[in-house]
Amino acid sequence: MKKLFSSSITGPLLALLLVFLCVALTTDRFLSPGNLSNLFLQVSIVSIVAIGATFVILIGGIDLSPGSAIALLTVLFASSIKFVGVPLPVAILLVVAMGALLGLLNGVLVAYLRIPAFIATLAALSAFRGVAFGFNNGSPVFSIHPDLESIFYGTFLGAPLPLYYVIFLYGLSFMVLRYTAFGRSIYAVGGNPRAAELSGLNVKKIQMYCFVIAGIAAAIGAVLMAARLNSGSPNYGVGLELAAIAAAVVGGASLTGGRGNIINTALGAMTIVIVQNGLNLNAVPTSAQNVIVGAIIVIAVAIDIWRDDITSKIKGRFQSTKNVSKKNHH
Amino acid sequence: MFPGVVANNEVSLTLKPGEIHGLLGENGCGKSTLIKTLCGVHQPDHGKILRDGKEVSLTSPFSARNEGIATVFQEFSVVPTLSVAENIFLGVLPKKNGFIDWTKMYSDAKKVLAKINVRIDPEAIVGNLSVGDQQLVEISKAIAQNASLIILDEPTAALGLEEIQQLHRVIKDLKKQNAAIVYISHRLDEVVELVDCITILKDGCVTSDAQMTDIDISSIVNTMVGKVGEHYPKENNTQDEVVLEVRNISTSHGVKDVSFEVLKGEVFGLGGVLGSGRTEIAEALFGVKKLTSGLIKIKGKSVSFSNPQDAIKNNLGYVPENRKFDGLFFNFTGIENTSVADLKNVSKWSILDLQKEREEIRKLITKLKITPESESRFVSLLSGGNQQKIIIARWLFADAEILIFDEPTQGIDVGSKIAVYKLINELTSAGCSVILISSDHDELIAMSDRIGIVSHGTVVDILPPNQLDKVDLVKASTDEKKERIA
């Protein structure tokens with residue numbers, strides 16, 4: 001039990017500290033209050049989308065669509081308020097429901113129609129953004145609602161509101177994964193789908209639900225993104241899926257499924273966003289930034305694959321000497 | 001090298017050309033490590049490996065191959081999508097002007113196959129061959145590399161009777177051609193029949209070397225596990241009540257018109273050769289495959305399962321043949337592996353009570369004498385016997401009353417086998433019923449109260465074990481072969 005959930009928080013934590021130090025040493029603007037609060041607001045969106053990525057990765061899947069889903073959902077959100085006159089709270093609920101629906105679409109394709117997750121969500125990545133461009137002649141929708149920005153920039157007890165959203169959503173996800181039968185089933189399905197089926201779990205339904213959760217996470221990210229700029233645009237969220245996947249993987253989630261810890265995903269999200277921020281502050285061009293995010297994903301996956309070898313080697317050396325000395329005592 | 005264990009300690013082994021050397025020992029005794037050292041996967045911390053009197057250092061599987069050492073592992077390394085010839089010469093495909101010389105490759109492959117007197121078409125796709133023939137392709141690969149030391153790790157685990165006989169003939173041929181053979185198997189009967197000498201390992205050390213070991217089952221068992229008492233501790237716990245009634249069931253995947261009934265506390269055996277349809281019958285009973293016709297009644301009540309979930313709700317449990325692929329969650333400890341089939345048992349409104357889960361399963365771990373390490377360790381680090389018991393514990397935890405055991409003792413050591421038999425007794429004496437599928441005919445005959453002989457996906461005959469012996473089961477299998485040819 002312990003191993004499943006507290007699985008090596010040290011690695012992601014070290015990575016975060018290392019990145020933090022590197023960026024802080026290369027640019028003095030990094031630690032300025034303005035940058036730090038901007039940084040946090042940036043992390044909030046990535047980390048919420050990364051919750052969805054983690055659920056999907058835990059069942060051994062992958063979701064490439066949240067960036068495009070966010071673009072579609074911000075446009076939908078903006079249009080429904082601005083052109084249809086839907087009240088803000090209702091529009092938020094509507095967007096979350098739409099996000100769930102987009103997730104359901106992915107889930108049905110993957111779980112029931114057995115399209116490989118990579119292909120199904122790659123198609124969704126293309127299609128969702130395509131649909132987003134169909135609204136408002138493909139133009140962004142500005143000035144959605146006067147109260148909208150306060151959702152993102154507002155504070156409570158001196159702390160920014162997104163902090164509360166992040167804590168609440170991560171707390172909820174942690175509880176679901178650790179303390180519910182559904183959460184346990186997710187790990188089982190990710191660990192061995194065939195054994196899960198023979199143990200009476202409804203594997204397809206569980207896989208589908210994880211995609212629905214990813215859709216809901218994307219929808220919450222979409223609302224925050226729209227609130228941040230008080231606009232919706234089919235150009236939002238480009239590359240966000242990679243940042244979210246990178247967050248989960250840097251947090252130690254195994255792409256083969258069944259292993260991962262949601263709290264580590266938060267650390268991974270921070271790491272990724274600090275890297276991006278540090279590159280921005282050091283005026284590294286966007287093209288090079290994309291290359292670096294790609295490299296980080298590869299390194300994190302490599303560490304995941306080599307991890308077992310490395311730890312067993314270290315432990316083995318330590319324990320086998322202990323055993324030998326024990327034997328000599330006899 | 002290995003977490004927490006000295007896998008091999010001061011092991012000495014002498015292998016001679018023209019000799020079949022049996023290597024025995026319980027699971028986790030260090031056999032696999034020893035083999036992996038011989039084929040270059042692991043390196044010894046100290047000690048020497050001499051080949052023809054000269055010291056060699058086997059730093060990789062490649063260098064071992066260059067020394068003429070070939071290993072046929074339990075899990076085959078054939079490429080199922082390629083032809084037999086391509087597999088045999090994989091990595092050393094004969095070439096002409098930089099292109100593959102297909103004519104030469106096929107004729108060379110034919111020669112290699114002729115060396116061990118097997119008739120396999122070199123152009124056939126390996127994935128379409130029987131498991132036994134795939135194994136022979138693997139051996140041919142070793143011969144093509146001019147290996148003079150061939151290590152066979154549990155080569156018969158997945159083979160039917162005839163295929164085993166064919167394999168033994170091939171091994172004896174190799175022996176005549178002066179190869180040194182290391183033979184590893186848990187099936188003592190066949191080991192005794194085949195090998196020239198035996199080395200037994202225990203806890204990483206040689207407990208009995210080639211000179212000391214008599215080639216005799218009971219003395220081998222005694223050396224391997226100490227005094228075991230009765231090898232098959234069968235109890236008769238059958239009661240009169242019919243708990244499972246199967247009437248004329250068929251499925252689209254090979255089950256044809258199967259009927260039998262199972263009594264309370266009974267062990268109902270399903271015998272027959274590999275591929276006769278035993279596992280398919282089990283899968284039909286457990287809701288894995290849908291019935292196309294027929295009827296299943298549990299305690300007189302007609303049931304219909306569209307998935308394993310329904311079967312589990314009706315107190316069925318299934319211990320699958322392949323526990324690695326179908327049974328275990330390697331990302332879980334023993335506790336999570338046990339509770340997974342009945343999480344409702346330890347949750348309220350779908351919220352898990354982790355404390356209760358731990359306590360309840362600890363009781364089962366103690367009861368089934370599973371190692372306490374299973375509580376906190378991933379199951380991948382447990383022995384085969386412990387892994388098997390974890391899966392049995394899963395069904396006890398889920399209150400299963402009818403348990404299907406598909407090859408429950410395959411690949412586990414004698415001590416664990418006896419533990420499984422005792423568990424079967426405990427289950428039946430507590431009123432559970434067991435459907436036992438086994439290719440080990442001694443085991444099937446000894447442990448079953450009645451045996452259904454399966455051939456062509458149907459139960460052709462049901463007999464009490466005292467009216468049946470190994471010969472009948474073999475005969476059933478040969479009948480099938482004949483029919484298949486005809």
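**Exercise 1.** Are the residues on the two faces of strand β16 (residues 316-319) of chain B buried or exposed?

*Solution.* The structure is a predicted model.
Step 1. Take one side of the strand: B:L316 and B:Y318 sit there, and both are buried.
Step 2. Take the other side: B:G317 and B:V319 are buried as well.
Step 3. Both faces of β16 in chain B are therefore covered, given that a residue counts as buried when 20 or more other C-beta atoms lie within 10 Å of its own.

**Exercise 2.** Place strand β16 of chain B in its sheet, and describe the pairing at each end of the strand order.

*Solution.* Step 1. The sheet is open and has 6 strands of chain B, in the order β16-β19-β20-β13-β21-β22, with mixed pairing.
Step 2. The edge strands are β16 and β22 (458-463), each of which pairs on one side only.
Step 3. At one edge, β16(B) pairs with strand β19 (residues 402-406) of chain B in the parallel sense, over 4 bridges. Within that pair, B:L316 has B:I402 as its bridge partner.
Step 4. At the other edge, strand β21 (residues 450-455) of chain B and β22(B) run antiparallel and are joined by 5 bridges. Here B:L463 in β22(B) stands opposite B:I451.
Step 5. From one strand of the sheet to the next, the twist averages 20°.

**Exercise 3.** Describe the largest nonpolar core and explain where it lies relative to the two domains of chain B.

*Solution.* Step 1. The largest nonpolar core has 231 residues. Those with the most contacts inside it are A:V46, A:L73, A:V95, A:C210 and A:A247.
Step 2. Helix α11 (residues 203-229) of chain A gives the largest share of this core, 20 residues.
Step 3. Domain 1 (20-225) and domain 2 (242-485) of chain B both contribute residues, so the core lies between them.
Step 4. For a single residue of the core, list the contacts of A:V46 beyond four places in sequence: A:L240, A:A243, A:A244, A:A247, A:A269, A:I272 and A:V273.
Step 5. As background, nonpolar side chains tend to be buried together in soluble globular proteins.

**Exercise 4.** Which stretches of chain B have a pLDDT under 50?

*Solution.* Step 1. Start with the averages: chain B has a mean pLDDT of 84, and 92% of its residues score at least 70. The model scores are ipTM 0.82 and pTM 0.77.
Step 2. Over residues 1-6 of chain B, pLDDT stays under 50, and the model has 16 contacts beyond four places in sequence for them.
Step 3. Residues 481-486 of chain B are also below 50, with 1 contact in the model beyond near neighbours in sequence.
Step 4. Where pLDDT is low, predicted coordinates should not be read in detail.

Technical notes. Residues are numbered from 1 along each chain as its sequence is written. Chains are lettered from A and ligands numbered from 1 in the order in which they are written. This is a predicted model: local features need pLDDT of at least 70, side-chain atom pairs count only at pLDDT 80 or more; totals for chains, interfaces and linings use all residues. pLDDT is the predictor's confidence in each residue, from 0 to 100. Two residues are in contact if their C-beta atoms, placed from the backbone, lie within 7 Å. A residue is buried if 20 or more other C-beta atoms lie within 10 Å of its own, exposed if 12 or fewer, and partly exposed in between; C-beta atoms are placed from the backbone. Two strands pair if DSSP finds at least two bridges between them. A nonpolar core is a set of buried Ala, Val, Leu, Ile, Met, Phe, Trp, Tyr and Cys residues joined through C-beta atoms within 7 Å. Domain bounds come from an automatic or database domain assignment. Axes are lines fitted to C-alpha atoms, for helices over the stretch in contact, and angles run from 0 to 180 degrees between N-to-C directions.
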